[in-house]
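Okay, everyone, thanks for coming. Let me pull the model up on the screen, and then I'll walk you through a handful of spots that caught my eye.

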Amino acid sequence: MVFSYKTRNEEIQKVQDEELDLLVIGGGITGAGVAVQAAASGMKTALVEMQDFAEGTSSRSTKLVHGGIRYLKTFDVEVVNDTVKERANVQHIAPHIPKPDPMLLPIYDEAGATFNMFSAKVAMDLYDRLAGVTGKFANYTLNKSEVLERQPQLEKEGLQGGGVYLDFRNNDSRLVIENIKKAHEDGARVLNKVKVVKITHDQQGMVNGADVQDVISGRNFHINAKVVINTSGPWTDEVRDLDKKDDLSDQMRPTKGVHLVVDKEKLNVPQPTYFDTGENDGRMIFVVPREDKTYFGTTDTDYHGDLKHPKVTQEDVDYLLRIVNRRYPDAKIGLDDIEASWAGLRPLITANGGSDYNGGGGSEKLSDESFNKVVNTTKEYLEDSAKRDDVEKAIQEAGSAQDSGEVDPSQISRGSSLEEASDGLVTLSGGKITDYRLMAEGALKKINKKLDNQFDLIDSKEYPVSGGDIDPDNVDEEIEKLAKQAQDKGLNEKDALYLANLYGSNLPTVLTYDEPIKGLSQRDSFSLNYALNEELVLTPVDYFLRRTNFILFIRDELDALEQPVLDKMAEFYQWSDEEKANYQKELAEVVAESDLKELKEDEYRE
């Protein structure tokens, strides 16, 4: 189904002439998940996003679908249990996106270490049991020499060994757009670059829609809806402020996370790796191979700046480089080695204490006595000599013994919240990418109840996203079959696999857009033509940063592609010279920021 600026303009007209069942505010992963389930269940649905889909937060994650082993730092078994189940559900409905990628967990003997070899093995065994992981992906331990055989660059001092457990890599922005496309296919009016300016009410004072503005044309219009849900992530409180009758208090405490990208020749790791910072600060760092690059992060600091534009600071860079160069002392990575970067905000909820992105830490660490009791009880449970109740009791007792005090940014919960104001505005906030389907499912039950249970809600665990119509149990074979179709069109094996992994079961449709584009390869001509006609890409930045990963992970090819893509988009949209120059300037600014051009220039001036 065509999904382009033409359908966008048509739907802006249509959405003004109908009463919707549901208006979703926010086009990140949470809003996309709500929209796809609502539309599939037959609700008349619209979604508005003031930027591009996934632009705010959902394209700025660590790009993993976590099983949540970090939450076993404080033995938050329920969180891990929910997370691993949801990871399996996401892989089932979007099998071309999350891919299994076992994680290496080096264990160091140092102050503040999260695990020792014994507790790591117990945690991994519990993790596998909760996730139902067996066979080739079951966890195992490595001794020191085996860890160094895999990663000879790793710091040797204090290294005791390591563990390997199953985790999944992710393409966060692609997961959003595939949900968005499916919602549109099922009849939802899905509009990017449309901003809510006011929540409106009927004569009884109940929410009945919103006044919005088309950011591109500047035109204002009204959307009428029986139910309005706020899924705007870090902007949750700002959207509530647009509802003058919302009587709920502010709840968001966003934190900033930063990731840096280097060439794999500078830091060559064979698999994702997850380790303590070595600074006894309760945090852990990922180092992840991707394309021909390696990226690492994340920071976790309170954020009070512009929600639209979090930036990577020198302090962020210094922190990550210090840690990575400590763990990989021969790498000697400097600022000039950074090829790309990104900063994102986590929509954390202030009121929820407990496990955070890094799994807790700081003042709420378990005492050695409590920790050991939980570990030993869990080991007995895994050996079937203790009951689950015994584990829960040990965890409860350990939790009550934790220190109280002020919560730092690394201890705010990643939990979600579903609330309704007295005027009927529903707000779904918090959470993380792995939980998006489950969060949306809970919201849909509430929305359907407000609509007098008119609709038979779909089983979203069995409803594939766009591109997901492939066998989730045989993904590699299915992708290879799809890639063969691309090879039959003349692409080489590498390019064919690239497109098959990017588009999944949509690849046959992608291959129908075979018009050559001057200056672009056959692979990139297919990709851009499809993005323009079927993925509502409106700017070069949308294409290079969120429909593809050129800015972040294929930076080497980006410079040669910029002008041909800009020329094609100018022709497609019939931009004036001024409009084209403005989009070119925007792209240059985004690339320069990702390149950390300003920080590098400051260093040279010094």
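So, let's start with aspartate 300, which sits in the loop between strand 16 and strand 17. Keep in mind, by the way, that this is a predicted model. Is aspartate 300 buried or exposed? Its relative accessibility is 1%, and since anything under 20% is called buried, aspartate 300 counts as buried. If you want a neighbour to hang a distance on, take aspartate 316: the two are 16 residues apart in sequence, and their C-alpha atoms are 9.5 Å apart.

Stay in that loop for a second. Threonine 298 is there too, between strand 16, residues 293-297, and strand 17, residues 301-302. The peptide bond leading into it from glycine 297 is cis, with omega near 20°. For context, most peptide bonds are trans, and most residues other than glycine have a negative phi.

That second half brings me to a couple of backbone oddities. Which residue between helix 11 and helix 12 should you click on? Asparagine 453, in the loop that joins helix 11 (436-450) and helix 12 (475-488). Its phi is positive, near 50°, and it isn't a glycine. Then there's leucine 596, another non-glycine with a positive phi, near 60°. You'll find leucine 596 in the loop between helix 19 (577-594) and helix 20 (597-605). At 5% relative accessibility, leucine 596 counts as buried.

Glycine does this as well: glycine 424 has a positive phi near 100°, in the hairpin of strand 19 and strand 20, where five residues lie between the strands. Those strands, residues 416-420 and 426-430, pair antiparallel over five bridges. One of the pairings puts glutamate 420 opposite valine 426 of strand 20.

There's also a little open sheet: three strands in the order 3-8-4, with antiparallel pairing. Strand 3 (64-65) and strand 4 (99-100) each have a single partner strand, so they're the edges, and one side of each has no neighbour in the sheet. Strand 4 and strand 8, residues 168-169, are antiparallel and joined by two bridges. Lysine 99 has arginine 169 of strand 8 as its bridge partner.

Now, the inside. The largest nonpolar core has 118 residues, and the members touching the most others are Val34, Phe53, Ile180, Ile229, Ile447 and Phe544. Which helix gives the most to this core? That would be helix 18, residues 555-573, with eight residues. A second, separate core has 32 residues, including Leu142, Val164, Leu267 and Ile285.

Zoom in on valine 34 if you'd like to see how far along the sequence its contacts come from. Leaving out residues up to four places away, valine 34 touches Leu22, Val24, Ile229, Thr231, Leu428, Ala440, Ala443, Leu444 and Ile447.

Last stop, helix packing. Helix 3, residues 77-93, meets helix 11 at an angle of about 95°, and the axes are 8 Å apart. That makes the two helices roughly perpendicular. On the helix 3 side the contact uses Glu86, Asn89, Val90 and Ile93, and on the helix 11 side Tyr436, Arg437 and Leu438. How do those residues divide by type? Four are nonpolar, one is polar and two are charged.

Okay, that's my tour, so over to you.

Methods. Residues are numbered from 1 along each chain as its sequence is written. This is a predicted model: local features need pLDDT of at least 70, side-chain atom pairs count only at pLDDT 80 or more; totals for chains, interfaces and linings use all residues. Side-chain values use heavy atoms; hydrogens and water are left out. Two strands pair if DSSP finds at least two bridges between them. Helices (H or I, at least four residues) and strands (E, at least two) are DSSP runs, numbered from the N terminus. A nonpolar core is a set of buried Ala, Val, Leu, Ile, Met, Phe, Trp, Tyr and Cys residues joined through side-chain atoms within 4.5 Å. Buried means under 20% relative accessible area, exposed over 50%, partly exposed in between (1.4 Å probe, protein chains only). Contact means heavy atoms within 4.5 Å. Axes are lines fitted to C-alpha atoms, for helices over the stretch in contact, and angles run from 0 to 180 degrees between N-to-C directions. Angles under 35 degrees count as roughly parallel, over 145 as roughly antiparallel, 65 to 115 as roughly perpendicular and the rest as oblique. Ala, Val, Leu, Ile, Met, Phe, Trp, Tyr, Cys and Pro count as nonpolar, Asp, Glu, Lys and Arg as charged, and the others, Gly among them, as polar.
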